[in-house]
Amino acid sequence: MPAQSNERSQIQNREMAMKMLRSKLYELEMQKQAAEEDAAKAAQKKIEWGRPN
């Protein structure tokens, strides 16, 4: 029985590690996309009505 329990624990540990890895990769991808959006917004020229300064 201990071998079976150990095997189950290893599977659970692997599943938990994969969940954590996917979560971290997702978070990094979201940060990357946010940074790209910020850079794109900063690159846009400001368009205003009115007289030039």
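Accessible areas here come from the Shrake-Rupley method with a 1.4 Å probe, and for residues only the protein chains shown count as cover.

**View 1. The whole chain.** This is a predicted model, in which local features need pLDDT of at least 70, side-chain atom pairs count only at pLDDT 80 or more, and totals for chains, interfaces and linings use all residues. Residues are numbered from 1 along each chain as its sequence is written, and side-chain values use heavy atoms, without hydrogens and water. The protein exposes about 5800 Å², 55% of it supplied by carbon and sulfur atoms. Of its 53 residues, 0% count as buried (under 20% relative accessible area; exposed is over 50%, partly exposed in between).

**View 2. The nonpolar patch.** Met-18, Leu-21, Leu-25 and Leu-28 together offer about 360 Å² of accessible area in this surface patch. Patch residues have over 30% relative accessible area and no salt bridge (side-chain nitrogen of Lys or Arg within 4 Å of a carboxyl oxygen of Asp or Glu); nonpolar side chains are joined within 5 Å, like charges within 9 Å. Met-18 is partly exposed, at 39% relative accessible area.

**View 3. The negative patch.** Here Glu-29, Glu-36, Glu-37 and Asp-38 come together on the surface. Glu-29 is partly exposed, at 35%.

Methods:
Buried < 20%, exposed > 50% of the residue type's maximum accessible area, 1.4 Å probe, protein only. Lys, Arg positive; Asp, Glu negative; His and termini not counted. Charge placed at Lys NZ, Arg CZ, Asp CG, Glu CD.
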